[in-house]
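Here are my comments on the model you sent round. They are in numbered points so that you can reply to each separately.

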Amino acid sequence: MGDAYLPVFLNSALSGGNLLGPLSLLFLFFARFLPIIALSPFFGARILPHPVKVMFAITMFVVFLPKLLVVTTTPLTFDYMMLLYLVKELFVGFVLGFIIGVPFMIVQNAGIIIDHQRGGASLMVNDPTIQNQSSPLGTLFNFILICIFYMLDGPFLFIDALITSYELIPPDQ
């Protein structure tokens with residue numbers, strides 16, 4: 001199985017002899033993936049320490065590398081275009097992270113509204129998933145949605161959608 005990746009790497013846009021190409025691809029991947037980790041509560045948005053998040057991103061880079069090699073068509077170098085690519089990838093990462101975080105924000109705020117209506121808004125508790133004060137029902141609804149999300153294989157579906165996003169918006173275009 002490892003022999004199948006060698007022709008892909010040799011025929012990829014990174015094979016131009018430039019040693020900064022793979023490093024550029026790593027930075028482009030980080031620019032898309034790290035905002036997603038920072039914004040999505042099911043990846044431990046505010047709970048995990050930063051070194052753990054970076055190691056998770058490096059691990060996912062190894063998983064995504066074959067797909068990145070296939071979708072990257074132009075040689076990558078460190079120049080002004082690389083900065084534009086980084087800004088574009090950061091924007092895509094923030095948009096994807098925000099979209100995946102919206103349902104969790106909705107249930108959190110629904111719990112806050114329900115607690116306010118029932119008169120329990122004065123009892124605010126610390127929600128470890130968002131590292132902020134929240135109502136008891138908001139915290140409960142958030143935990144329930146995270147459990148349902150994992151039961152439905154949501155993280156795997158999201159990673160599959162992220163791989164598909166590289167087909168729609170390649171890192172080098």
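The points below go from the overall fold to the core, the surface and a few single residues.

1. Status and fold. The model is predicted. The protein chain contains six helices and two strands, and along the sequence these follow the order α-α-α-α-β-β-α-α. Of contacts between residues at least 6 apart in sequence, 72% join residues at least 24 apart.

2. Burial and surface. The protein chain has 173 residues, and 37% of them are buried. About 9,800 Å² is exposed, with 76% of that area supplied by carbon and sulfur atoms.

3. The nonpolar core. The largest nonpolar core has 28 residues; those that touch the most other members are Phe29, Phe33, Phe42, Phe43, Phe64 and Leu68. At least two core residues come from each of helix H2 (20–39), helix H3 (50–71), H4, helix H5 (136–151) and helix H6 (154–168). H2 provides the largest share, eight residues. In soluble globular proteins, nonpolar side chains tend to be buried together.

4. Phe43 within that core. Which residues does Phe43 contact once its neighbours within four places in sequence are left aside? They are Ile36, Ile37, Leu48, Phe56, Phe158 and Ile159. Phe43 is also one of the core residues that touch the most other members.

5. The nonpolar surface patch. Leu39, Leu90, Phe91, Phe94, Val95, Phe98, Ile99 and Met105 form a nonpolar patch of about 750 Å² on the surface. Helix H4 (residues 80–117) is the main contributor, giving seven residues. Met105 is one of the patch residues and is found in helix H4. Why can Met105 belong to a surface patch? Patch residues need over 30% relative accessible area, and Met105 meets that cut-off because its value is 40%. That value makes Met105 partly exposed.

6. Arg32. This residue lies in helix H2. Is Arg32 buried or exposed? Arg32 is buried, because its relative accessible area is 0%, and the cut-off for buried is under 20%. Its side chain makes a polar contact with the side chain of Glu89, at 2.6 Å. With residues up to four places away in sequence not counted, Arg32 touches Lys88, Glu89, Val92, Gly93, Leu162, Ser165, Tyr166, Ile169 and Pro170. I would list the Arg32–Glu89 pair by name in any description of the model, as a polar contact between two side chains.

7. Gly101. Gly101 is part of helix H4 and counts as buried because its relative accessibility is 3%. How far apart are Gly101 and Pro41 in sequence and in space? They are separated by 60 residues in sequence and by 6.9 Å from C-alpha to C-alpha. Apart from neighbours within four places in sequence, Gly101 is in contact with Leu39 and Pro41. Leu39 is also a member of the nonpolar surface patch.

8. Asp153. Most residues other than glycine have a negative phi. Asp153 is not a glycine, yet its phi is positive, about 55°. Where does Asp153 lie? Asp153 sits in the loop between H5 and H6. Asp153 is partly exposed because its relative accessible area is 42%, and partly exposed covers values between the buried limit of 20% and the exposed limit of 50%.

Notes: Residues are numbered from 1 along each chain as its sequence is written. This is a predicted model: local features need pLDDT of at least 70, side-chain atom pairs count only at pLDDT 80 or more; totals for chains, interfaces and linings use all residues. Side-chain values use heavy atoms; hydrogens and water are left out. Patches are made of residues with over 30% relative accessible area and no salt bridge: like charges are joined within 9 Å, nonpolar side chains (Val, Leu, Ile, Met, Phe, Trp, Tyr) within 5 Å. Accessible areas come from the Shrake-Rupley method with a 1.4 Å probe; for residues, only the protein chains shown count as cover. A salt bridge is a side-chain nitrogen of Lys or Arg within 4 Å of a carboxyl oxygen of Asp or Glu. Helices (H or I, at least four residues) and strands (E, at least two) are DSSP runs, numbered from the N terminus. Buried means under 20% relative accessible area, exposed over 50%, partly exposed in between (1.4 Å probe, protein chains only). A nonpolar core is a set of buried Ala, Val, Leu, Ile, Met, Phe, Trp, Tyr and Cys residues joined through side-chain atoms within 4.5 Å. Contact means heavy atoms within 4.5 Å. A polar contact is a pair of N or O atoms within 3.5 Å; within protein, one must be able to donate a hydrogen and the other to accept it, and residues adjacent in sequence count only if both atoms are side-chain atoms.
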